[in-house]
2 protein chains.
Amino acid sequence: MQIDRSPLARPFPALPAIAGVTLRVARARYKTWDRCDLTIAELAEGTSAAGVFTKSACASSEVELGREAVKLGRARALVVNAGNSNAFTGWRGRAAVEAIRAQVSGALGCGLDDVFVSSTGVIGVPLPIDKAEAGIAAALNAQPCGWEDAANAIGTTDTFTKGAGAAAMIGPYRVELAGIIKGSGMIAPDMATMLGYVFTDADVAPAFLQEALERANAATFSCITVDGDTSTSDTVMAFATGKAGNPRIENWDSAGADAFAAALTDVCRQLAQLVVRDGEGARKFITIRVSGAASDASARTIGLAIANSPLVKTAIAGEDANWGRVVMAVGKAGEPADRDRLSIAFGGVWAARNGVPVEDYDEAPVAAHLKGEEIDIAVDLGLGDGHAIVWTCDLTHGYIAINADYRS
Amino acid sequence: MQIDRSPLARPFPALPAIAGVTLRVARARYKTWDRCDLTIAELAEGTSAAGVFTKSACASSEVELGREAVKLGRARALVVNAGNSNAFTGWRGRAAVEAIRAQVSGALGCGLDDVFVSSTGVIGVPLPIDKAEAGIAAALNAQPCGWEDAANAIGTTDTFTKGAGAAAMIGPYRVELAGIIKGSGMIAPDMATMLGYVFTDADVAPAFLQEALERANAATFSCITVDGDTSTSDTVMAFATGKAGNPRIENWDSAGADAFAAALTDVCRQLAQLVVRDGEGARKFITIRVSGAASDASARTIGLAIANSPLVKTAIAGEDANWGRVVMAVGKAGEPADRDRLSIAFGGVWAARNGVPVEDYDEAPVAAHLKGEEIDIAVDLGLGDGHAIVWTCDLTHGYIAINADYRS
């Protein structure tokens, strides 16, 4: 079926080349389509690597091997296959990943553990090794390409191509960050979501890169949801080539550590929000701000309970300021809440305060807000200082149409 | 909007009168409709009561007061208001419930705590006390009615009227059970779901009735889901009038205790399944059998993760034997699972065994099964002896249509 471009789509941004990163794409033809579906990012020697991966108990071999290899903190190549997730394929799936690592490490003269592989697409069909091998050979011989081509090649059901960038000053050194991501359905924030990659020319020690990525992930990818369904292949990785020449960031006391971490979080937030903007069937981008919770973690759980509630999501789709459904979602979250202290606002207008509807509640500005594309829901628990921001989209006929037809 | 009768609907069964229970209905006109929306069940002196209630942190005053009163184990009346849930209405909501209790206890000459009240419908609008009082006065003066009229009067968005019965022998004494229930959306099994009531003429001690109801609930209402959204008003109660004349069932060693508990579970299972059959937009009734899990609780959690996955539910709506989505849901459940021991079947045909697709998998009988109304999914974890059965429905355009328009 033809899926229309999301009305919430954003144009692909201008992203700088990152010294030490060479992108190439090729047609492995994992599906019967005529498009590039295999991407290789070649990384300079000395590149630091960090990654966060799905917590699914049924994770793919790509995730299992990547989770192990990233502990070594270095990378020379990233390979992304689109159209086949290679998940739930047993030993044959693992053999395919190992074959790819062998082929690429041979070509680049690096270790097996320096090659990271991700795959996305249908579950349960072993990745065809012959197609992978031919695709990799073609990619290694291809001309380098830019970010948009690579972002395109890693996509599957995505309706638009997603990238984001940022820069940070480390003393006198300007470092650049560029990221690409794919994802549209099977999006839930049990940590990293879908396939996302951030590249930087900064010189960053692997341990710090991992810590900064985990922090960024907690505030970004872990705070989005489309449908509450966590993929078996979710992966977010960061690669730092060190070509910017800055003094290496070793820890939080290093010069520029905070600036770099902020820039990394910035890119991750942009990428995460782009995934929500391409949520299957999405017509509205919803920001849920939870405050006054017992803790930050509690606030996030409550925010996600609201964001994952089909009744809240359909209410927003119907442009209905149905705060009763928000109350319901708060109540079911399993977190501390006091019905009689709860306040709820849409678009900055409080509909309910301290457990009762606002007396002179004027629904007109709220109705106008709900007709827009960017919806803001604020919930104050009135209990403590915990807060969180969660992003999601509405639940529409488009989601049903896409998922009752497409075999993912 | 006009919502069509569910294609999964069942005719209302013939249910026996229960000695000691007198049903009456009236028009309180909580909404602008011309139908009975207030129900009173008058219960004989000496009736035992038991109840399980929503775990929502934002429960209604009805639930709060009922949860307290049921500890006394006795009841003389049940009042159900339809069209307004009276939830999230602060002190005014509580005042409405207290006014109803005072009026009914005065009329029947019983204690305040002998009167149980439930309300269902829109959240956030205080129940109008004047309408409630007039409705109760009318109901108390009305002719007694039958189960179907009462089941009709407690419904809101239900597309069909739901009841179930069973009988049990306690020595030479035959005892009857009759139950009614309402519910269609905001259905998730954090314990009791929606409003359900079981009446019996058996003589049962309150403590045993409570224990038997909790056991029945755990295997029935706690194993259904429509949309994963837990209502603020969920209530299931059991009332035993003792008019059958059997020797009182005091505990599990009493004569007939097992037979009575089995009959109670039978009625609860029938009622729970009827709610799923009226799931908003439902076109298919799905039974998910989980076996080989680490424990029964783990099996139920995994079953519910599958049942609540929008990707699984839309796959069934699309008649797609997409077991990859089942793998995904197992993986995200947060319970022990080993990808390489997992087996999945549709309609009794194994699609995947021990983590890999079945070699000679014949999709034809599975495709035929998925075209039917009753869908069977079996998941074996291959880890232990834990098992559970969970019931749900598919996710269709009908759910979106109902919930993007109707303000619940």
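Okay, let's start with how chain A is divided up: the domain assignment gives domain 1, residues 21-276, and domain 2, residues 285-405. Before I go further, please keep in mind that this is a predicted model.

So how far apart are the C-alpha centres of those two domains in chain A? They lie 32 Å from each other. The two domains do touch, though: 13 residues of domain 1 of chain A are in contact with 12 residues of domain 2 of chain A.

How do we put a size on a thing like that? Well, the size of an interface is often given as the accessible area lost when the parts come together. Between domain 1 and domain 2 of chain A, the buried area is about 1100 Å², and carbon and sulfur atoms give 61% of that. Which three residues supply more than any other three on the domain 1 side? They're C223(A), T225(A) and V276(A), and they supply 43% of the area that domain 1 of chain A buries against domain 2.

What about specific interactions across that boundary? The count of salt bridges between the two domains of chain A is 0. For polar contacts, the rule finds 1 residue pair, with both residues at pLDDT 80 or more. If you look at the side of domain 1 of chain A that touches domain 2, helix α6, residues 257-277, gives the largest share, with 3 residues. And by class, that side of domain 1 has 6 nonpolar, 5 polar and 2 charged residues.

Now let's zoom out to the two chains. Take chain B, turn it by 180 degrees with a shift of 0.0 Å along the axis, and you can lay it on chain A with an RMSD of 0.0 Å. Why does that matter for the symmetry? Because that's the relation of a two-fold axis. And which C-alpha of chain B is nearest the axis? That's H397(B), at 2.9 Å from it. Both copies use the same surface, too: 100% of the contact residues of chain B recur in chain A.

On to the numbers for this chain-to-chain contact. Chain B puts in 61 residues and chain A puts in 61 residues. The area buried between them is about 4900 Å², with 57% coming from carbon and sulfur atoms.

How many salt bridges are there between chain B and chain A? The count is 2. One pairing you can look for on the screen is R339(B) with E64(A), whose side chains meet in a salt bridge at 3.4 Å, N to O. There are also 7 residue pairs in polar contact between the chains, both residues at pLDDT 80 or more.

Which elements of chain B are involved? Those giving two or more residues to the side that touches chain A include α1 (61-69), α2 (90-108) and α11 (397-405) of chain B. The one that gives the most is α9(B), with 8 residues. By class, that side of chain B has 25 nonpolar, 21 polar and 15 charged residues.

Last stop: one single residue, T159(B). You'll find T159(B) in the loop between α4 (147-153) and β6 (162-170) of chain B. The side chain of T159(B) reaches the backbone nitrogen of S6(B) at 2.8 Å. There's also a polar contact of 2.6 Å joining the side chains of T159(B) and D278(B). And that's my tour, so shout if you have questions!

Key. Residues numbered from 1 in each chain as written. Chains lettered and ligands numbered in written order. Predicted model: local features only at pLDDT ≥ 70, side-chain atom pairs only at ≥ 80, totals over all residues. Heavy atoms only, no water. Domains from an automatic or database assignment. Contact = heavy atoms within 4.5 Å. Buried area = accessible area lost by both parts, 1.4 Å probe. Salt bridge = Lys/Arg side-chain N within 4 Å of Asp/Glu carboxyl O. Polar contact = N/O pair within 3.5 Å; in protein donor to acceptor, adjacent residues only side chain to side chain. Helix = DSSP H or I, 4+ residues; strand = E, 2+ residues; numbered from the N terminus. Nonpolar A, V, L, I, M, F, W, Y, C, P; charged D, E, K, R; others polar. Least-squares fit on C-alpha atoms with pLDDT ≥ 70 in both.
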